Amino acid sequence: YIADIPGLGWLAQFYVTHYMHYLAAILFIALFAYFIVDYLVTNRNRNKVSAFGYVRGLILFGILGSGIFLVIRNLAGYKFSANFIILLDLAHLGLVILFLLIALYSLIAKKQWTTIR
C-alpha cells in the first residue's frame, strides 16, 4: 500500500521501478569499478585496505554477485529453481541491509576503508 501515499503512485508501476533499479545498478557497478581501479593505480603504495574495509568490500561483492545472478534470471533461456531464486532475493536484500547498517556504524565510529602504510 505504499503506492497509495500521495506522491508515491509511481512505485506501483513495475517497469518504472525495474528500470530505476537497473540504472542504480549500473551506477553502482561503475562506482565499484572506479574505486577499485583508483586504489590499485594511485593509492596502493600509500594506503592499505583495513580489515573493516575488507568486510565492506566483501559485502559489496556479494551484493554485486547476487545482483548479477538476478539479472541472469530475468534473461530468456535461463531457468533457476524456485528455492535458488528465493535464496538470491533474500541474500541480495539482506546484504544491502547489512551494508547500510555497517555504513551507518562506520560513519558513527569513523571507520575508514583504508589506513596509511
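**Close-ups of a three-helix model**

**View 1. The whole chain has 3 helices and 2 strands**. Helices (H or I, at least four residues) and strands (E, at least two) are DSSP runs, numbered from the N terminus. Read along the sequence, the order is α-β-α-α-β. The radius of gyration, taken over C-alpha atoms, is 18 Å, well over the 13 Å from the globule rule for 117 residues, so the protein is more spread out than a compact globule. That rule is 2.2 Å times the number of residues to the power 0.38. Just 18% of the 117 residues count as buried (under 20% relative accessible area, 1.4 Å probe, protein chains only). This is a predicted model: local features need pLDDT of at least 70, side-chain atom pairs count only at pLDDT 80 or more, and totals for chains, interfaces and linings use all residues. Residues are numbered from 1 along each chain as its sequence is written, and side-chain values use heavy atoms, with hydrogens and water left out.

**View 2. The largest pocket has a volume of about 780 Å³**. A pocket here is an open set of points on a 1 Å grid over the protein atoms alone, where a 1.4 Å probe fits, with protein on both sides within 12 Å along at least five of seven lines; its volume is the space filled by probe spheres set on the points. Lining residues have an atom within 4 Å of a point. There are 24 of them, and His21, Tyr22, Ala25, Gly67 and His92 are the closest to the centre. Helices H1 (14-43), H2 (51-74) and H3 (82-109) each give two or more lining residues, with H1 holding the largest share at 10.

**View 3. The second largest pocket holds about 570 Å³ of space**. Of its 19 lining residues, Phe35, Ile36, Tyr39, Gly57 and Trp113 sit closest to the centre. H1, strand S1 (47-49) and H2 each supply at least two, and H1 again has the largest share, with 9 residues.

**View 4. Helix H3 packs its buried residues against H1 and H2**. Those buried residues are Ile85, Leu88, His92, Phe99, Ile102 and Ser106. At 1.5 Å a residue (times one less than the number of residues), the 28 residues of H3 should span 40 Å, and the end C-alpha atoms are indeed 40 Å apart. After H3 comes Lys110, with a positive phi near 60°.

Notes:
Buried < 20%, exposed > 50% of the residue type's maximum accessible area, 1.4 Å probe, protein only. Contact = heavy atoms within 4.5 Å.
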